[in-house]
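Welcome! Here are some short exercises, each followed by a solution that goes step by step. Keep the structure in view as you work.

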Amino acid sequence: MDFLRNFFSQTLGLGSQKERLLDELTLEGVTRYMQSERCRKVICLVGAGISTSAGIPDFRSPTTGLYANLEKYHLPYPEAIFEIGYFKKHPEPFFALAKELYPDQFKPTICHYFIRLLKEKGLLLRCYTQNIDTLERVAGLEPEDLVEAHGTFHTSHCISPLCRREYTLNWMKEKIFSGTIPKCEKCQSVVKPDIIFFGENLPARFFSCMQSDFLKADLLIIMGTSLQVQPFASLISKVSLSTPRLLINKEKTGQMDPFLGMMIGLGGAMDFDSKKAYRDVSWLGDCDQGCLALADLLGWKKELEDLVRKEHARIDAQKGSGTPNPTTDASPGKSPPPAKESRSTEGERPQ
């Protein structure tokens, strides 16, 4: 009975109280709510769209996206480059691509630093990211602030289940840029960055934090994601039915036919336009511009712009002096705990 009660509560909104907390469904309404005593804990859900202005392509755009530009790797289909079965047999295409997209070649964007401002102002409960570029860490978020749902380049492990030796980002970088396939120094199996390929389990941290975070959230900010990859996309339904949700994206997403949502158990779809809309707000356009618009309304715009300039100058100075980026240092550690659920192959990419 408890299962059925929870199921119908989440999918149909039965048995739960819907309180309207925004005085209007606009960015201005979200701003006033963020400035109120009601908004103390913010969760951010982010995807590839927050990193495109750093020079990292998204995966789904018809001509500029990564999947549209993989012909030179002679793959059976574009998504194969991120499928674990294909990687184990043919790791060469992935590591050739990794050399092109290696994380420390890019600087965080305005979006990344907006999330850091949320942290500095004591508002950030957690940032859940689909991205594997580590730019959240470079921007100043700590591991405790993050759930890297699709993994990260920050560490790597031997793929042999009998070994699982850990390697640092600097070790992996040296192998990738030397043009050699990274092999374990202990058993000679391939070493793979800890990003989640299609067919692999999500990190256990994703599920443990999900269970504790979302009912605490006072606001959900969703940026730069198509919300097509499960189970990440289902996170929008984990907050309470009263929690406002702001989407900053090039297009509206997260909407679903109510009957379909009930049938597959993905209630809580976004509702921006119906007469029943009461908590969802969309700001459509470039994610950096959306964050600047919100920061401006909050009175944070100059602070955000100054932070971006200062941090980009620091990163440039580090690169010029050859000083290692602290985010690339990782000491050997234990193997990761077992995960619980495998990632759907629907739609998007390891982000």
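Leaving aside its neighbours within four places in sequence, with which residues is N249 in contact?

**Before you start.** This is a predicted model, in which local features need pLDDT of at least 70 and side-chain atom pairs count only at pLDDT 80 or more, while totals for chains, interfaces and linings use all residues. Residues are numbered from 1 along each chain as its sequence is written, and side-chain values use heavy atoms, with hydrogens and water left out.

**Exercise 1. Explore the surroundings of N249.**

*Solution.*
- Step 1: Locate N249 in strand β8, residues 245-249. Strands (E, at least two residues) and helices (H or I, at least four) are DSSP runs, numbered from the N terminus.
- Step 2: Answer the opening question. Contact means heavy atoms within 4.5 Å, and with neighbours within four places in sequence set aside, N249 is in contact with G224, T225, W283, L284, G285 and C287.
- Step 3: Look at the side chain of N249, which reaches the backbone nitrogen of G224 at 3.3 Å.
- Step 4: Check the burial. N249 has a relative accessible area of 8%; buried means under 20%, exposed over 50%, and partly exposed in between (1.4 Å probe, protein chains only). N249 is therefore buried.

**Exercise 2. Trace the sheet that contains β4, and find the helices that lie across it.**

*Solution.*
- Step 1: Read the strand order. Three strands form an open, antiparallel sheet in the order β5-β4-β6. Two strands pair if DSSP finds at least two bridges between them.
- Step 2: Find the edges. β5 (166-168) and β6 (191-195) each have a single partner strand, so one side of each has no neighbour in the sheet.
- Step 3: Note the twist: neighbouring strands of this sheet are turned by 40 degrees against each other on average, direction ignored. Axes are lines fitted to C-alpha atoms, for helices over the stretch in contact, and angles run from 0 to 180 degrees between N-to-C directions.
- Step 4: Follow the pairing of β4 (residues 151-158) with β6, antiparallel over five bridges. Here S156 stands opposite P193 in β6.
- Step 5: Add the helices. α4 (residues 92-100) lies across β4 and β6, at about 60 degrees to β6. α7 (residues 169-178) lies across β4, β5 and β6, at about 75 degrees to β5.

**Exercise 3. Why can the four cysteines listed by UniProt be said to gather at one spot?**

*Solution.*
- Step 1: Take the record. An unreviewed UniProt entry lists C158, C163, C184 and C187 for "binding site". UniProt positions are given in the numbering used here, feature names are shortened, and annotations may be inferred rather than shown by experiment.
- Step 2: Compare sequence and space. These residues span 30 residues in sequence, yet no two of their C-alpha atoms are more than 8.9 Å apart, so they gather at one spot.
- Step 3: Visit C163, in the loop between β4 and β5. Not counting residues up to four places away in sequence, C163 touches C158, C184, K186 and C187. C163 counts as buried at 17% relative accessibility.
- Step 4: Visit C184, in the loop between α7 and β6. Its relative accessible area is 0%.

**Exercise 4. Is the residue that UniProt gives as "active site" buried or exposed?**

*Solution.*
- Step 1: The unreviewed UniProt entry places this feature at H150.
- Step 2: H150 is found in the loop between β3 (146-148) and β4.
- Step 3: H150 is buried, with a relative accessible area of 0%.

How values were computed. Polar contact = N/O pair within 3.5 Å; in protein donor to acceptor, adjacent residues only side chain to side chain.
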